[in-house]
Amino acid sequence: SGKSTIANLITRFYDVNKGAILLDGIDIRDLTTNSLRKQLGIVTQDAILFNESIKNNMKLLVDENVTDEAIIDALKVANAWEFVKDLPQDINTNIGDSGNKLSGGQKQRLSIARAVLKNPPIMILDEATSALDTESERLVQVALENMMKNRTSVVIAHRLSTIQNADQIVVMQKGEIIEQGKHNELIAKNGMYRKLVEMQSFEQ
């Protein structure tokens, strides 16, 4: 229905052909791509990791001089330190090609920790928990909640438990916005959102 398209438009992987996206009232096309992307952190369902140490993967988006303490603090926020501290060389451990020495949940928490370390004012989470099992999802969910404090977050999710505390929920279908509001308002509307919530509660 166009959810990931919105994430790609906000980050300017491509531009809108009608209307505008404003950041604090400024059209994002009036900013340099570099300055726009410095304001953004992105966590997608596929953690993009490299055949390097955890430390070097973490430093990818930040100043070279970042301290080990700052890296460990970010790992703690993302619930990742609990497994990193038990690795043979903790943050200096190589995680293999695409992070293949780690589980899906561990890779995702590392990806979140990297975004926490960057500390951007706007966070985009595109189906960040969709590829995880229930136990990993719970840990990642707590990590995401820690990370979303004091910043604007755009959260794209099929699992509605991820977003029920959002200030504004936007329901999309076939490229159109069909409902928007807070969780309780949308439940009271008795429309598509309520139907989806009831379906997911039933499945669980």
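Start with the largest pocket of this predicted model, which has a volume of about 980 Å³. To centre your view, select Val155, Ile163, Gln168, Ile169 and Val170, the closest to the pocket's centre of the 32 residues that line it. Then colour the elements that give two or more residues to this lining: H1, helix H7 (134-148), E5, strand E6 (169-173) and helix H9 (192-203). If you switch to colouring by residue class, the lining of the largest pocket divides into 17 nonpolar, 11 polar and four charged residues.

Next stop: the second largest pocket, with a volume of about 490 Å³. Here the residues to pick are Ile42, Ile48, Leu60, Leu61 and Arg114, which are the closest to the centre among the 20 lining residues. Show H2, E3 and helix H6 (104-118) as well, since each of them supplies at least two residues of the lining of the second largest pocket. Which element gives the largest share of this lining? Select E3, and you will have it: five residues of the lining of the second largest pocket come from this strand. By class, the lining of the second largest pocket holds 10 nonpolar, five polar and five charged residues.

Now go back to H1, which you coloured at the largest pocket, and select residues 3-10. Within this helix, Ala7, Leu9 and Ile10 are buried. Look down the axis of H1: the buried residues fall within an arc of 165°, so they line one face of the helix. What covers them? Bring up helix H2 (33-38), strand E3 (40-44), strand E4 (122-126) and strand E5 (152-156), which are included in the cover over the buried residues of H1. Two of these names should be familiar: E3 from the lining of the second largest pocket, and E5 from that of the largest pocket.

Step past the end of H1 to Arg12, which follows the helix and has a positive phi, near 60°. Keep Arg12 selected, because it leads to the last stop.

How many cavities of 30 Å³ or more does a search of the whole structure find? The search finds one, and the largest cavity has a volume of about 30 Å³. Add Leu9, Asp15, Val16, Ile21, Asp27, Ile28 and Arg29 to your selection of Arg12, and you have the lining of the largest cavity. Leu9 is the buried H1 residue you picked earlier. Sorted by class, the lining of this cavity has four nonpolar and four charged residues, with no polar ones.

Notes: Residues numbered from 1 in each chain as written. Predicted model: local features only at pLDDT ≥ 70, side-chain atom pairs only at ≥ 80, totals over all residues. Heavy atoms only, no water. Buried < 20%, exposed > 50% of the residue type's maximum accessible area, 1.4 Å probe, protein only. Helix = DSSP H or I, 4+ residues; strand = E, 2+ residues; numbered from the N terminus. Arc of directions from axis to C-beta. Contact = heavy atoms within 4.5 Å. 1 Å grid on protein atoms, 1.4 Å probe; cavity = no way out; pocket = protein on both sides within 12 Å on 5 of 7 lines; lining within 4 Å. Points joined across faces, edges and corners; volume = space filled by probe spheres on them. Nonpolar A, V, L, I, M, F, W, Y, C, P; charged D, E, K, R; others polar.
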